[in-house]
Amino acid sequence: MNPSDQKRLFRELIFYRRFEDRTYEAYMERKVGGFLHLYSGQEAVATGVLEKARCGHDYVITGYRDHVHAMKAGASPKEVMAELYGKETGSSKGRGGSMHIFDPTVNFMGGYALVGQPFPLAAGLAMGAKMKGTDQIAICFLGDGANNQGTFHETLNMASLWNLPVLFVCENNLYAIGTVIHRSTVVQDQYKRVSGYGIESSQHDGQDIDVVMEAAEKAIDHVRSGKGPYFIEFMTYRYRGHSMSDSKSYRSKEEEAEWINRDPILIYGNRLKEAGILSEKEIKKMETAIDEEIENEIIKFAEESPEPKVEDLSKYVLDDNPDPRWIGPLQS
Ligand SMILES: Cc1ncc(C[n+]2csc(CCOP(=O)(O)OP(=O)(O)O)c2C)c(N)n1
Ligand SMILES: [Mg+2]
């Protein structure tokens, strides 16, 4: 990778961290409502994997911790923020919120609240691509906890049987809400669980974006070249609580500090500094420019955008000819 791409990538990591931090503030100011799951700490995974994908062409799908995946896949940060604000200009017209970012113009297929729901949808997208004879692949990002859902096992079986072009990316952050992985899961190395389905797999450090990109490139080549599904596991950590109402009382400060020591921005920033590609001064300048962009363009856009009209609330949510029982007052 050349130095200008390395700088761009480093800027993206900082941008995603700051975007999430600003979203947190907007939530505390009650400008963002509903559920909110932040991605801070895990940025190198989505950024690194999707750097190696053909965004806009390949399908990308994930769970509810979806802001960064959507933006790296090509969704506009302004529209993502407006969605979080519930505004008409949001990527889902303000009807979806944080867990339901969706942008079919770049093949970002959501954003799903139900744990494990994207697995079969990803297989379906891959099957569609295969039937149409395109060289698209489907990339499905999900957490460690999702692998205990039935959909995981059903999907892996069929995806392997039908040799579908789908890449499963497991973001193993060791927790499913407040449950540490060893209290819920017998085989904790997630990549080992897929061997029973004849799917190739591997496990990597998710905090070092160079490691992520190298592993992702190989996995994507495998899938795109027609060798069938691949399951790639990245070890990572979320810094904030599961969602906004989480005191993180289930884990220790020491554990958090250990992971923060291996922060993806820190690791990549130090590497670029040591290689003489970036100086501390340039990094500070970059951070200031990012904060200004987020404030003066992205937050401004979200704040100034109109709310959906009350009479339009069911627009885009139900079909054009909905059953009146779904939109009228509840019937007894
Ligand atoms: C079908 C279903 N069951 C339970 C929940 C409640 N729930 C929300 S997130 C979550 C944990 C998922 O953990 P993981 O897959 O590791 O993702 P992470 O939050 O760590 O990114 C659970 C059980 C849900 N949303 N959907
Ligand atoms: Mg998890």
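Visitor: How much space lies in the largest pocket?

Guide: About 400 Å³, going by this predicted model.

Visitor: What makes a residue part of the lining of the largest pocket?

Guide: Lining residues have an atom within 4 Å of a pocket point. Here 27 residues line the largest pocket, and Y64, R65, V115, G143 and H242 are the closest to its centre.

Visitor: Which element gives the most to that lining?

Guide: That's β2, with three residues. Both β2 (138-143) and β4 (175-176) supply at least two.

Visitor: What is the make-up of the lining of the largest pocket by class?

Guide: You get 13 nonpolar, ten polar and four charged residues. Gly counts as polar in this scheme.

Visitor: And what about the second largest pocket, by class?

Guide: Its lining has five nonpolar, two polar and seven charged residues. The pocket holds about 200 Å³ of space. Of its 14 lining residues, F10, I265, L266, I283 and E287 lie nearest the centre. The elements giving two or more residues are α1 (3-28), α9 (264-274) and α10 (280-304).

Visitor: Why is α2 called oblique to α7?

Guide: Helix α2 (residues 43-51) packs against helix α7 (residues 209-224) at an angle of about 45°, with the axes 8 Å apart. Roughly parallel needs an angle under 35 degrees, and roughly perpendicular takes 65 to 115. The value fits neither, so α2 is oblique to α7.

Visitor: Which hand does the crossing have, left or right?

Guide: α2 passes α7 in a right-handed crossing. Among the residues making the contact are V45 and V49 of α2 and V212 and M213 of α7. By class, that contact has eight nonpolar, two polar and one charged residues.

How values were computed: Residues are numbered from 1 along each chain as its sequence is written. Chains are lettered from A and ligands numbered from 1 in the order in which they are written. This is a predicted model: local features need pLDDT of at least 70, side-chain atom pairs count only at pLDDT 80 or more; totals for chains, interfaces and linings use all residues. Side-chain values use heavy atoms; hydrogens and water are left out. On a 1 Å grid over the protein atoms alone, a cavity is a set of points where a 1.4 Å probe fits but cannot get out, and a pocket is an open set with protein on both sides within 12 Å along at least five of seven lines; lining residues have an atom within 4 Å of a point. Grid points are joined across faces, edges and corners, and a volume is the space filled by probe spheres set on the points. Helices (H or I, at least four residues) and strands (E, at least two) are DSSP runs, numbered from the N terminus. Axes are lines fitted to C-alpha atoms, for helices over the stretch in contact, and angles run from 0 to 180 degrees between N-to-C directions. Angles under 35 degrees count as roughly parallel, over 145 as roughly antiparallel, 65 to 115 as roughly perpendicular and the rest as oblique. A crossing is left-handed if the near helix is turned anticlockwise from the far one by less than a right angle, and right-handed if clockwise. Contact means heavy atoms within 4.5 Å.
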